[in-house]
Structures are given as C-alpha cells and as structure tokens.
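Work through these short exercises with the structure open. Try each task before you read its solution.

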Amino acid sequence: MITADREREFYDRQYAQFLTLPDHALRIDRKILEGSIESPSSPFYERRLLYRTSMRALEAEPVRGKKILDYGCGPADFGLWLATEGADVTLLDLSPAAIEVALKRARASDVTVRGISADATKLDMLNDGEFDMVFACAALHHTLKYSGAVEELARVMKPGARLVLCETWGGNPLLNAARKLRAFVAGEQQEQGEDIILSKKELKALDPHFVDIRVDAMNLFAMGKRVLRGRFEKAWAGRMVHTLESFDSAVLALAPRMRNWCGEAVIVGRRR
C-alpha cells in the first residue's frame, strides 16, 4: 500500500530538478501554455486535446476575482495561468518541492499565489466553503485511495462551486491492461499512482458531495499516440496522430456510447 510519505518523497525527487531552471524557462501565461500544448517538442503535446478541453472547461465561467484551488498542482501550469487571468489562486500539493517550483514560477510570471504543501486528507489550513472552483490535473486518482480526501475536497468548496478534473479514463479494459503492461515493462514505480484510473465506478465516490457530473471523454483510437512518444516532431508521426484523431471524431459521432472506451476525460461537476 502506497503511503503519503512514500508518495511525497517520490515527487520531491521528480520536481527538485526544476528548481535550477532560469526564470525565462519557468514563466507561464496563456500564450506560453497554448504554445506548449501545440508544440510537438513539448511533453504537453501528447495530451493536447485533453488540455485544450480543460482550458475551455475552466473558462466556461469567468475566473477573474474567483478563488480557485489548483489541487495536486505539481508544477502548476494551469493554476498559474489562471492567476495571470486574474483569479485568486491557491496551489496545493503533497510535495514541498512542487510548491517551491510553483512559487518560483509564480514570481517569474509576475503573479502572486498562495502555496501549500499538505496531505489531501488534512486540509485544516483551508476554510469551509473557501473556493469557487477546484481544478485537479491528474491528481484525484492519487488522492482517492486515501480515506477522507474526497470529504476534505468537498468541505473547502462553496455550495455550487465547480469541480474540473483532467484525468486518464479507465472505461476500456483492453486499454487498462495495456497501461499496466507498459508500466511493468517501463519499470514505473508504484508511487506514480497509476494503480487507480478514474472510471464511472471511481466517480461514485463523488456522488454524496457533487451533482451534475459530466464526463467529456476523448481519444479512442488516438490513444495509439502513446507508441509515438518521443517521435511527435517527425512529420509522419504528426500526420498519424491527426489521422487517428479525425477517425475518432467520425466514429464517436456515429457511436457516442463508445466514448466510455476512450482513454482521457475532462470531468466537470458542482458542489451540492
């Protein structure tokens, strides 16, 4: 069983390397974020449909002046972007190194944010009903395994506050098996948290606290992009990805129920 301490140590090691980067490499705003999403040389490119959909979901209602929690923020690309759009942002992560990196990025981006390193099951430093919106990018699947984390998440949100999740999606048993095989072959550490992938079953844990939960799933055949990792800058790889995405659009339009077999999703709900 993964403990919070083991997970913290793993991510501290992952994020510490970014502390040596110069300010110009740490700066973030809308132009930089969108550029990273569309650049084949960026790690963001592989999930560009997911990240573009996340940005649209976050902007579905005005963010200026809203209190927003970037939950499990990591390097906080999206939270810092929202801060540059005028939101009052709090960054939360289990890893102190992640928060240190995120605050350094905030200074480089000329924004002020609050950074908190804490276990998601113990958020006593946050008030009841404090936030208008919570965004979690590839984070909830980590915290679901800890008792009390969902309750704490709900506690700090105002009634009617929006929850926006950007996650892998686990409705496809064949894809799930392939994920486990790839993780085994690659020797991925258990602390990376891939033992829980969100699906309709896992989302049931949100039902006592959230309503109007909608899943916008994407990338069915286009999940084949994973085998092209490291090759996106090659013209043939880019053409293949676009072809797979176009095929997905046609197939999912004809058979929308197959969306549950897609590999990624943006999930939106509201606090009861």
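**Exercise 1.** This is a predicted model. Find how many bridges join β2 to strand β3 (residues 114-117), and say whether the two run parallel or antiparallel.

*Solution.* Step one: count the links. β2 and β3 are joined by 4 bridges. Step two: compare directions. The two strands run parallel. Step three: pick out one pair. Threonine 90 has arginine 114 in β3 as its bridge partner. Step four: follow the connection. β2, helix α6 (residues 96-108) and β3 form a β-α-β unit, and this unit is right-handed.

**Exercise 2.** Describe how strand β1 (residues 67-71) is linked to β2.

*Solution.* Step one: β1 and β2 run parallel, with 5 bridges between them. Step two: take lysine 67, whose bridge partner in β2 is aspartate 88. Step three: trace the chain. From β1 it passes through helix α5 (residues 77-84) to reach β2, in a right-handed β-α-β crossover.

**Exercise 3.** Is strand β2 (residues 88-93) largely enclosed or largely open, and why?

*Solution.* Step one: recall the cut-off. Buried means under 20% relative accessible area. Step two: apply it. Of the 6 residues in β2, 5 are buried. Step three: conclude. The strand is therefore largely enclosed by the rest of the structure.

**Exercise 4.** Is leucine 181 buried or exposed, and which surface patch does Leu181 help to make?

*Solution.* Step one: locate leucine 181. It lies in helix α9 (residues 173-186). Step two: check its accessibility. Exposed means over 50%. Leucine 181 has 54% relative accessibility, so it counts as exposed. Step three: name the patch. Leu181, Phe184 and Val185 make a nonpolar surface patch of about 390 Å².

Terms used:
Residues numbered from 1 in each chain as written. Predicted model: local features only at pLDDT ≥ 70, side-chain atom pairs only at ≥ 80, totals over all residues. Heavy atoms only, no water. Patch = residues over 30% accessible without salt bridge, like charges linked within 9 Å, V, L, I, M, F, W, Y side chains within 5 Å. Areas by Shrake-Rupley, 256 points an atom, 1.4 Å probe, with all protein chains shown as cover. Salt bridge = Lys/Arg side-chain N within 4 Å of Asp/Glu carboxyl O. Buried < 20%, exposed > 50% of the residue type's maximum accessible area, 1.4 Å probe, protein only. Pairing = 2+ DSSP bridges. Right-handed = clockwise from strand over helix to strand, strands pointing away.
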